[in-house]
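Let's read a protein model together, one feature at a time. You ask how to spot something, and I'll show where to look.

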Amino acid sequence: MDGVTDPAFRRVVATHGGPDVIFTEFTHVGDICGRRNMGWEPLAYSERERPIVAQLYGKDPGLFYQATQVVCELGFDGVDINMGCPSKNVAASGSGAALIRTPDLALDIMASTRQAIADWSSGQTLAQGGVKPSVIEMTKSMNTKRTGKPQPQTRRNVPLSVKTRLGYDKVVIDEWSDCLAQGNPEVLSIHGRTLAQMYRGEADWEGIAAAALKIRAKGILVLGNGDIRSLDEAVWRIQTSSVDGVLIGRGALGNPWIFLKKEAARQAIQQSNRGLAMEPPIALEDRFRMILEHAEVFETLNGKERFPRMRKHLGWYCTGFPHAAALRANMVRTTCLQDVEEILADYWKCQHGHEEAFASGLRFQSTGSSC
Ligand SMILES: Cc1cc2nc3c(=O)[nH]c(=O)nc-3n(C[C@H](O)[C@H](O)[C@H](O)COP(=O)(O)O)c2cc1C
């Protein structure tokens with residue numbers, strides 16, 4: 001998710017259970033091919049996030065070819081093409097969900113991406129694939145930073161997937177998914193809304209189920225997506241919607257624990273059990289520990305100057321406990337990890353009159369301000 005599943009958040013999620021597969025934020029193929037340095041940020045990852053899939057967007061099959069070779073060389077476990085983003089910037093330029101209206105182009109992009117994976121896995125170098133020398137250097141430097149080696153040791157034919165919506169301004173998933181199936185993706189992820197709906201209303205799981213039934217019969221794995229807020233709901237959707245699995249987006253905001261009980265969920269599905277036992281709410285102390293851990297990882301990876309981008313995550317954690325709104329209001333002004341430590345310490349002191357219970361094992365310091 002753009003601006004959300006950044007390297008720091010992905011690392012935190014992966015440390016605390018993590019999903020079966022994680023996707024990067026979408027990255028523009030032009031940025032990967034050398035348009036902007038900033039565009040590469042989503043492509044930084046740590047080994048513990050595996051399996052990790054790089055999501056690409058754009059509309060130029062030639063750029064998809066080169067960008068795919070770069071993400072293969074970076075060692076990603078899969079390549080996902082975004083054909084679902086409804087945002088004006090993306091769709092107005094013909095990328096993301098706008099590709100639903102240009103099925104021939106969508107298939108060209110898939111073919112080009114597939115070809116790039118095949119060429120790379122059979123030994124073609126980035127230079128032979130037409131990738132610019134500066135981009136090749138950047139790839140080597142990212143690999144060296146992550147693994148100590150400039151190139152991956154093995155080459156393999158990684159899976160190609162597409163993430164899309166039910167339609168553009170009306171539901172056309174029946175024809176649209178048939179069209180996408182011609183591109184032979186290993187996986188098709190379907191968000192149960194049209195572009196016109198953006199994120200409004202409820203996801204249409206009947207629409208997802210109808211498409212899933214047909215597409216799975218062609219040997220393509222189908223993941224449903226939309227409005228899942230717990231693993232219990234995930235189990236229910238998998239049991240009732242003919243999908244192989246689900247994607248969870250907003251349900252993970254301020255809730256990186258959401259994947260913790262995935263083994264129990266898997267068992268419930270395999271044994272056709274209805275649902276999971278109710279989880280107790282996350283204890284405030286654990287929530288605060290998570291906030292500190294996430295803020296620390298963010299600051300370590302990005303430095304203090306970029307800390308404002310962490311604020312939205314801090315806000316998402318502050319919900320469902322006494323005076324959460326007041327804490328949230330303070331979090332949106334933080335500029336570094338130390339600010340977060342002080343705010344949490346002060347909150348704890350105000351609520352409990354002492355710091356010891358929470359301070360055990362944590363390094364934060366109260367400013368000593370009164371409540
Ligand atoms: C802030 C935000 C950023 C998103 N960025 C992406 C993205 O980069 N790639 C993508 O495939 N979907 C993206 N999405 C869509 C989500 O992946 C997901 O399809 C949608 O939110 C519905 O699922 P959910 O109800 O589980 O969140 C984004 C959604 C939001 C709210």
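**Reading the model, feature by feature**

A: Let's start in a loop: Asn184 sits between helix 7 (173-182) and strand 5 (187-194). Helices (H or I, at least four residues) and strands (E, at least two) are DSSP runs, numbered from the N terminus. Before going on, note that this is a predicted model, where local features need pLDDT of at least 70, side-chain atom pairs count only at pLDDT 80 or more, and totals for chains, interfaces and linings use all residues. Residues are numbered from 1 along each chain as its sequence is written, and side-chain values use heavy atoms, with hydrogens and water left out.

Q: What is the phi of Asn184, and is this residue buried or exposed?

A: Phi of Asn184 is positive, about 50 degrees, although the residue is not a glycine. For burial, look at relative accessible area: buried means under 20%, exposed over 50%, and partly exposed in between (1.4 Å probe, protein chains only). Asn184 has 51%, so it is exposed.

Q: Where else should I look for a positive phi?

A: Try His323, in the loop between helix 12 (311-317) and helix 13 (324-331). His323 is not a glycine either, and its phi is near 60 degrees. His323 counts as exposed because its relative accessibility is 53%. Ser242, just after helix 9 (residues 231-240), also takes a positive phi, of about 60 degrees.

Q: How do I read the buried side of a helix? Which residues of helix 9 are buried?

A: List the buried residues, then see which way they point. In helix 9 they are Leu231, Ala234, Val235, Arg237 and Ile238. They cover an arc of only 165 degrees around the axis, so they lie on the same side of helix 9. That arc is taken from the directions from the helix axis to the C-beta atoms.

Q: What covers the buried residues of helix 9?

A: Here you look for contacts, meaning heavy atoms within 4.5 Å. The cover includes helix 8 (205-216), strand 7 (245-247) and helix 10 (262-270).

Q: Which residues of helix 7 are buried, and what do they pack against?

A: The buried ones are Ile173, Trp176, Ser177, Cys179, Leu180 and Ala181. Their packing partners are strand 3 (78-83), helix 5 (103-121), strand 4 (160-167), strand 5 and helix 8.

Q: Cys179 caught my eye. How many disulfides are there in the whole structure?

A: A disulfide is a pair of cysteine sulfur atoms within 2.5 Å. The search of the whole structure finds zero. Cys85 is in no disulfide, and its nearest cysteine sulfur, that of Cys33, is 19 Å away. For Cys179 the closest cysteine sulfur is in Cys85, at 19 Å, which is too far for a bond. Cys85 counts as buried because its relative accessibility is 12%, and Cys179 counts as buried at 11%.

Q: Now the ligand. How many residues surround the ligand, and which are the closest?

A: A residue is near a molecule if one of its heavy atoms lies within 4 Å of it. By that rule 15 residues surround the ligand, and the closest are Asp2, Gln55, Asn225, Asp227 and Arg250.

Q: Which atoms should I zoom in on?

A: Go for N and O pairs. A polar backbone atom of Asp2 is 2.7 Å from a nitrogen atom of the ligand. On the oxygen side, a polar side-chain atom of Asn225 lies 2.5 Å from a ligand oxygen, and a polar backbone atom of Asp227 is 2.7 Å from an oxygen atom of the ligand. The protein covers 84% of the 610 Å² of accessible area that the ligand has on its own. Such areas come from the Shrake-Rupley method with a 1.4 Å probe; for residues, only the protein chains shown count as cover.

Q: What joins the side chains of Ser46 and Glu49?

A: A polar contact of 2.8 Å. The term means a pair of N or O atoms within 3.5 Å; within protein, one must be able to donate a hydrogen and the other to accept it, and residues adjacent in sequence count only if both atoms are side-chain atoms. Ser46 lies in the loop between helix 2 (29-32) and strand 2 (52-57), and counts as buried because its relative accessibility is 12%.

Q: Which peptide bond is worth checking in that loop?

A: Check the omega angle from Arg50 to Pro51: it is near -5 degrees, and the bond is cis. Pro51 is in the loop between helix 2 and strand 2.
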